[in-house]
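Below are some notes for a colleague who has not looked at this structure before. They are best read with the model open alongside.

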Amino acid sequence: MKIIKFDVGDILQMRKLHPCGSDKFEVMRVGSDIRVKCAGCGRDTTVPRIKLEKNIKNVETRGVKVE
Ligand SMILES: [Zn+2]
């Protein structure tokens, strides 16, 4: 199983489109629930992490990574 890593500020490309037609969501907050904001219409939503990870197609890193 592939582990998907993402952080606040990253853009997630999802398999399932938002009702507005966008497939990209910006990560607003991470935890056991993930808060994401739709890049198309700007609405934000909170999704359980497990559910969200299954739906991720690609991650575009925007934030500065501290190793
Ligand atoms: Zn939307």
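1. Overall make-up. The model is predicted. Its protein chain contains 1 helix and 5 strands. Read from the N terminus, the elements follow one another as β-β-β-β-α-β. The chain has 67 residues, and 12% of them count as buried. Among contacts in the protein chain with a separation of 6 or more, 32% are between residues 24 or more positions apart.

2. The sheet. In what order do the strands lie in the sheet? The order is β4-β3-β2-β1-β5, in an open sheet of 5 strands with antiparallel pairing. At the edges are β4, residues 44-48, and β5, residues 56-60, each of which pairs on one side only. On average, neighbouring strands of this sheet are turned by 35 degrees against each other, direction ignored.

3. β1 with β2. Strand β1 covers residues 11-14 and pairs with β2 in the antiparallel sense, over 3 bridges. Within this pairing, Gln-13 stands opposite Lys-24 of β2.

4. β2 with β3. These two strands run antiparallel and are joined by 4 bridges. Two of the pairs can be named: Glu-26 has Lys-37 in β3 as its bridge partner, and Val-27 has Val-36 in β3. The connection from β2 to β3 is a hairpin through 3 residues.

5. Ser-32. This residue lies in the loop between β2 and β3. Is Ser-32 buried or exposed? Ser-32 counts as exposed because it has 7 C-beta neighbours inside 10 Å, and a residue with 12 or fewer falls in that class. Ser-32 and Ile-50 are 18 residues apart along the chain, with 8.3 Å between their C-alpha atoms.

6. β3 with β4. Strand β3, residues 33-38, is joined to β4 by 5 bridges, and the two run antiparallel. Asp-33 has Pro-48 in β4 as its bridge partner, Val-36 stands opposite Thr-45 in β4, and Lys-37 is partnered by Asp-44 in β4. The hairpin of β3 and β4 has 5 residues between the strands, and in it Gly-42 takes a positive phi near 85 degrees.

7. The two faces of β3. Side chains in a regular strand alternate between the two faces of the sheet. Which residues of β3 point to one face and are buried? They are Ile-34, Val-36 and Cys-38. Asp-33, Arg-35 and Lys-37 point to the other face and are not buried.

8. The core. The largest nonpolar core has 8 residues, namely Phe-6, Leu-12, Phe-25, Val-27, Ile-34, Val-36, Cys-38 and Leu-52. Two elements, β2 (24-29) and β3, give two or more residues to this core. The largest share is that of β3, with 3 residues.

9. Val-36. This residue links several of the points above. Val-36 belongs to the largest nonpolar core, and its bridge partner on the β2 side is Val-27, while Thr-45 stands opposite Val-36 in β4. Not counting residues up to four places away in sequence, Val-36 touches Leu-12, Phe-25, Glu-26, Val-27, Met-28, Asp-44, Thr-45 and Val-47. Among these contacts, Leu-12, Phe-25 and Val-27 are also listed in the core.

10. Lys-57. This residue is placed in strand β5, which is one of the edge strands of the sheet. Lys-57 counts as exposed because it has 11 C-beta neighbours inside 10 Å. Which residues does Lys-57 contact, leaving aside its neighbours within four places in sequence? Lys-57 is in contact with Gln-13, Met-14 and Arg-15. From C-alpha to C-alpha, Lys-57 and Gln-13 are 5.4 Å apart in space, although 44 residues apart in sequence. The sheet order places β5 next to β1, and β1 is the strand of residues 11-14.

Terms used. Residues numbered from 1 in each chain as written. Predicted model: local features only at pLDDT ≥ 70, side-chain atom pairs only at ≥ 80, totals over all residues. Pairing = 2+ DSSP bridges. Axes fitted to C-alpha atoms, helices over the stretch in contact; angles between N-to-C directions. Buried ≥ 20, exposed ≤ 12 C-beta atoms within 10 Å, placed from the backbone. Contact = placed C-beta atoms within 7 Å. Core = buried A, V, L, I, M, F, W, Y, C linked by C-beta atoms within 7 Å.
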